[in-house]
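Here is a friendly walk through one protein chain, taken a region at a time. Please keep the sequence and the 3D view at hand as you read.

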Amino acid sequence: MRPRAIAILTLAIAVLLAGGPTAAQRSTRRGAIPSPRSVLGFEPGMDRRLADWATLVRYYRALAGASDRVGFREFGLSTDGAPFVGLVISSPRNLRALDRYRDINDRLADPRRLRSNAEALAALRDGRAIVLITSSIHSTEVGGFLTPVVLAHRLATDTSATTRAILDNVIVWLVPSLNPDGVDIVTHWYERTLDTPAEGTPPPELYHHYTGHDNNRDWYAFTQVETRLTVDSLHNVWHPQIVHDIHQQGTRGSRLFIPPYLDPYEPNVDPLLTDGANALGTAIAWSLAGQGKTGISLSATYDAWTPARAYSHYHGGVRLLSEVASAALASPIEVPFDQLADPGRGFAPRERSWNFSQPWPGGRWTLHDIISYQSDAAYAVLEHAARYRDRWLANFLSIGWRAVRGWPGWPRAFVIPRRQDSTALGTLLRTLHRGQVEIRSARAAFTVRGQRYPAGTFVIPLRQPYAAFAKAMLEPQRYPDRRMYTNGPPIPPYDATAHTLPLLMGVTAVAAPDSLRVALSAPLAEAELPAPVYRATGFGEGEAPRIGLYRSYDAAMDEGWTRWVFDTWGIPYVSLVDSVVRAGRLKGRFDAIVLPDQPPREILEGLPTRYPAPYAGGMGTAGAQALRQFVMDGGTLIALNRASRFAIQTLLLPVRNVLEGTADVDFYAPGSLLSVDLEAGHALAAGMPTRTAVWFESGPAFDLLDSTAVRVVARYPTDPAAVLLSGWVLRPERVAGRAALVEVRMGQGRVVLFGFRPQYRGQSLATYRLLFNALQAR
């Protein structure tokens, strides 16, 4: 074939794979469709250019106003008051019949609503695949700001057969940002630091008001406004078969990760969803490779264990995570091939393998590259959903049928006594209710495993559409013992290994292995469930201690979660930054100071010198000395988890961390729930049971060097077999019998050292009281 013919054929293939030519500024019912440049002022993907949230929303409104393929919805307001919006994209005919398609999909999601086989076949024939695409929950992943613009514009203007098939067969819900506040935080910081040494750095604050990066760990606890808006307005209304979650990863690994996920999968996920993620991810990788994109990894890096990132896996839909390599925010970077780093999780970025078939050759990596990979992957998701619409709907129905019929070997129900702490019980039940779990009450007394339960006891049957969510939340986890080699170091999970809500919240829930011989009520409405009252006693006006909460510019997520707990429970506080701590004379302003979970080095040294004043540097030795003087003068210093190591080291406390320097092979508990025994009669343990669950993650455990100055408040059981309640722990004998919470007297004050996170991600209500007691006790 002659060179010119080869060039023409190559161009034709590229056009075909890209979905055909686009119609430039096609006119519709309200005039010309606006280009991104016409509103943003630049082409998405230009180096060093980002848009703030108001500008992006203005574009989406304009696009919806001009295109009969696009609808604009505002679902509510974000934490900081920004509009939380979505686009619905489909053919004009589908958009005119949205209520009909929502009803069809609702009946497929709960097949109990289908009255006959004929009705089921009609729903499968007439239904549309529902795809939810979410972006930019993590705001330093700035490609996600602009990829929705590119994708929405393409779907609004493209006239290719592929796009027409997508519009006819798929209803697309596009959430341009799951964290609108973070779009502005990062954009404003980036623009402020352009042409300075800090260009391309993360901002010196959390990019979500409370949670920072942890906003993508809230998909079963629903603590944050943005999570609730997404679940209530989209997941629970439209029941998507596919949820495509657009993310970015580090700079020196693959250019794109797409499922299959690594093992282990959380065991309550329907196997059809595992198969669906495998098939869809592999198809996307093949499609993008055919377009010439390289550096695509499959079955690497990310697992599918925790439901904290995967609401859809328990609600009939595939959660398709994509992770594209990052640049320096919107600034380009150079990554030589020999500097691509081996992440040690399923592939090597400089070596060809079955799940990494075409390594990226290295070189310049830009925002344009990020958006290209993200938008083409999202388009490939939609193409697959359109082509296999019938298979996605049929499998979706099968998942629903299997759930309502019940899985062999599962308990028949969970029983939850009514006479428990009403706030913890109400929080647990309302969390399950938001997750669409049906909660009923017993109409008479009954017996389970020899225990008698009165009428009114809450019962959660496990033959219902979202039984998998209920079971995953209510049962203890047993994470598999995964090692790099026999008896070698553990293979780390991508996130935590435990998520047992009854243990986290201090609520009793009992699995009933057999059918209950008792009549049950209809599913209860939310108003029929106990109403939590989030109010801590002793913190009202005139009685509350003066509380300072340390807030590092090297922003810590645990600090944000602590603020969220304090704000939710009505505990007044003042944020303390490094300069205030270094200035000293703290006892004149505060009775108690809290150091949230953070590594000692970050507290002491803070951000590097490339950051402008006042952000560079940490607390320093002057700050540590000021904290010591604060305690000597009668103050209470409360250190949470890793911050306890900072307190031990800098205040020279008579306590030893027995896990200091311990290799993972000798002790490992990656986000697990452990048991502790509490000392009855100690003020810090007031109102607590004698044994409770605590959240352990990278924390210390304590030995006492001076028992006259240190008192143990909580201790791990002496029997190593009794340490683990949920999750995974290696070598529990290393902490068995050791202290988990101690009080150290120093001068006129005291230091309270937590070896765990008592307010973990706003979930661990079981141990909130320990923190509240520490703030108040004198």
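## Helix α14 and its surroundings

Gln-436 follows α14 and has a positive phi, near 70°. Please bear in mind that this is a predicted model. The helix itself covers residues 422–434, and its length makes sense: 13 residues at 1.5 Å each should span 18 Å, which agrees with the 18 Å between its end C-alpha atoms. At the other end of the element, where α14 starts, a side-chain oxygen of Asp-421 comes to within 3.2 Å of the backbone nitrogen of Thr-423.

Which residues of α14 are buried? They are Thr-423, Ala-424, Leu-425, Gly-426, Thr-427, Leu-428, Leu-429, Thr-431 and Leu-432. The cover over these buried residues includes two strands, β15 (413–416) and β19. Helices also contribute to this cover, among them α15 (467–474), α16 (501–505), α17 (557–569) and α22 (765–776).

## The four-strand sheet

Two of the strands just met, β15 and β19, belong to an open antiparallel sheet of four strands, ordered β16-β19-β15-β20. The edges are taken by β16 (440–441) and β20, each with a single partner strand, so each has one side without a neighbour in the sheet. For β16, the link to β19 (residues 458–461) is antiparallel and consists of two bridges. In one of the residue pairings here, Arg-440 has Val-459 of β19 as its bridge partner.

Just past the edge strand β20 (510–512) comes Pro-513, in the loop that leads to β21 (547–550). Is Pro-513 buried, exposed or partly exposed? Its relative accessibility is 38%, so Pro-513 counts as partly exposed. Leaving aside residues up to four places away in sequence, Pro-513 touches Pro-411, Arg-412 and Arg-449. Its C-alpha atom is also 8.8 Å from that of Phe-414, although the two residues are 99 positions apart along the chain.

## The eight-strand sheet

A second open sheet has eight strands with mixed pairing, in the order β3-β4-β6-β5-β7-β12-β8-β10. Here β3 (70–77) and β10 (296–297) are the edge strands; each has a single partner, so one side of each lacks a neighbour in the sheet. Helix α8 (residues 161–169) packs on this sheet and touches β4, β5 and β6, with its direction at about 90° to that of β6.

Strand β6 (residues 170–175) is worth a closer look. Six of its six residues are buried, so the strand is largely enclosed by the rest of the structure. Both of its faces are covered, with Val-170, Val-172 and Leu-174 buried on one side and Ile-171, Trp-173 and Val-175 buried on the other. How does β6 pair with β4 and with β5? With β4 (residues 83–89) the pairing is antiparallel, over three bridges, while with β5 it is parallel, over six bridges. On the β4 side, Leu-87 stands opposite Leu-174, and Val-88 has Trp-173 as its bridge partner. On the β5 side, Ala-129 stands opposite Val-170.

## Thr-134 in strand β5

Thr-134 sits in β5 (residues 129–135). With a relative accessible area of 4%, where buried means under 20%, Thr-134 is buried. Residues up to four places away in sequence aside, its contacts are Val-175, Leu-178, His-244, Asp-245 and Ile-246. Val-175 is one of the buried residues of β6.

## Unusual backbone geometry

Most residues other than glycine have a negative phi, and most peptide bonds are trans. His-239 has a positive phi of about 50° without being a glycine. His-239 lies in the loop between α10 (225–238) and β7 (242–249), and at 4% relative accessibility it counts as buried. Leu-329 likewise has a positive phi, near 55°. Its place is the loop between β12 (318–325) and β13 (333–335), and its relative accessibility of 5% makes Leu-329 a buried residue.

Where do cis peptide bonds occur? One links Pro-259 to Pro-260, with omega near 20°, and Pro-260 lies in the loop between β8 (256–257) and β9 (262–265). Another runs from Ala-613 to Pro-614, with omega near 5°. Pro-614 belongs to the loop between α19 (600–605) and α20 (620–632).

Technical notes: Residues are numbered from 1 along each chain as its sequence is written. This is a predicted model: local features need pLDDT of at least 70, side-chain atom pairs count only at pLDDT 80 or more; totals for chains, interfaces and linings use all residues. Side-chain values use heavy atoms; hydrogens and water are left out. Buried means under 20% relative accessible area, exposed over 50%, partly exposed in between (1.4 Å probe, protein chains only). Contact means heavy atoms within 4.5 Å. Two strands pair if DSSP finds at least two bridges between them. Axes are lines fitted to C-alpha atoms, for helices over the stretch in contact, and angles run from 0 to 180 degrees between N-to-C directions. The expected span of a helix is 1.5 Å times one less than its number of residues. A polar contact is a pair of N or O atoms within 3.5 Å; within protein, one must be able to donate a hydrogen and the other to accept it, and residues adjacent in sequence count only if both atoms are side-chain atoms.
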